[in-house]
Amino acid sequence: MSVVSGVHHVALIVSDYEASKHFYTEVMGFSVLAEHYREERDSWKLDVALPDGKQLEIFSFPNSPERPSYPEARGLRHLAFVTKDIDASMQSLERHGVSVEDIRIDPYTGSRFTFFNDPDGLPLELYELAPL
């Protein structure tokens, strides 16, 4: 028996709270569950819901250090979102000025996927499940 039954949320620390809030709510279309300013930390915490019920927690902290990012560095490599229509999703992102890479094909599953970045350069992926 596994000690976990699923993923509840993924937490992100962002450099520009307003830009990230706009990106994740307006561009990505995630709905706001809660938003709190924590005066003692001079920090915002924004909880957004993904369509499948999972959540992203978005934090701002003053003067948070940059995380070195290399394609094969340890730690979070990228955050992947499932889409039912990768073409329509890419067009929506591009209409918001988001640069999206060309579509790739997963050689093992046949699924189509692409990468793009959030305002802090966090690599995000759109993954369209291949038909069975």
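Starting from the N terminus, the elements of the protein chain follow the order β-α-β-β-β-β-α-β-β-β. Try tracing that order with your finger on the structure above, keeping in mind that this is a predicted model. Counted up, the secondary structure of the chain amounts to two helices and eight strands.

Next, let's see how the chain meets itself. Take the contacts in the protein chain between residues with a separation of 6 or more: 43% of them join residues that lie 24 or more positions apart.

Now for inside and outside. The protein chain has 132 residues, and 36% of them count as buried; here, buried means under 20% relative accessible area. As for the outside, the accessible surface of the chain is about 9200 Å², and carbon and sulfur atoms account for 52% of that surface.

Let's finish our walk at one particular spot, the second largest pocket, which has a volume of about 550 Å³. It is lined by 21 residues, and those closest to its centre are Phe30, Leu50, Pro51, Phe81 and Val82. Which elements each supply at least two residues of this lining? They are β4 (55–60), β5 (79–83) and α2 (86–95). The largest share belongs to β5, with five residues of the lining.

What classes of residue make up the lining of this pocket? There are 14 nonpolar residues, together with four polar and three charged ones. If you find Phe30 and Phe81 in the structure, you will be looking at two of the residues closest to the centre of the second largest pocket.

Technical notes. Residues numbered from 1 in each chain as written. Predicted model: local features only at pLDDT ≥ 70, side-chain atom pairs only at ≥ 80, totals over all residues. Heavy atoms only, no water. 1 Å grid on protein atoms, 1.4 Å probe; cavity = no way out; pocket = protein on both sides within 12 Å on 5 of 7 lines; lining within 4 Å. Points joined across faces, edges and corners; volume = space filled by probe spheres on them. Helix = DSSP H or I, 4+ residues; strand = E, 2+ residues; numbered from the N terminus. Nonpolar A, V, L, I, M, F, W, Y, C, P; charged D, E, K, R; others polar. Buried < 20%, exposed > 50% of the residue type's maximum accessible area, 1.4 Å probe, protein only. Contact = heavy atoms within 4.5 Å. Areas by Shrake-Rupley, 256 points an atom, 1.4 Å probe, with all protein chains shown as cover.
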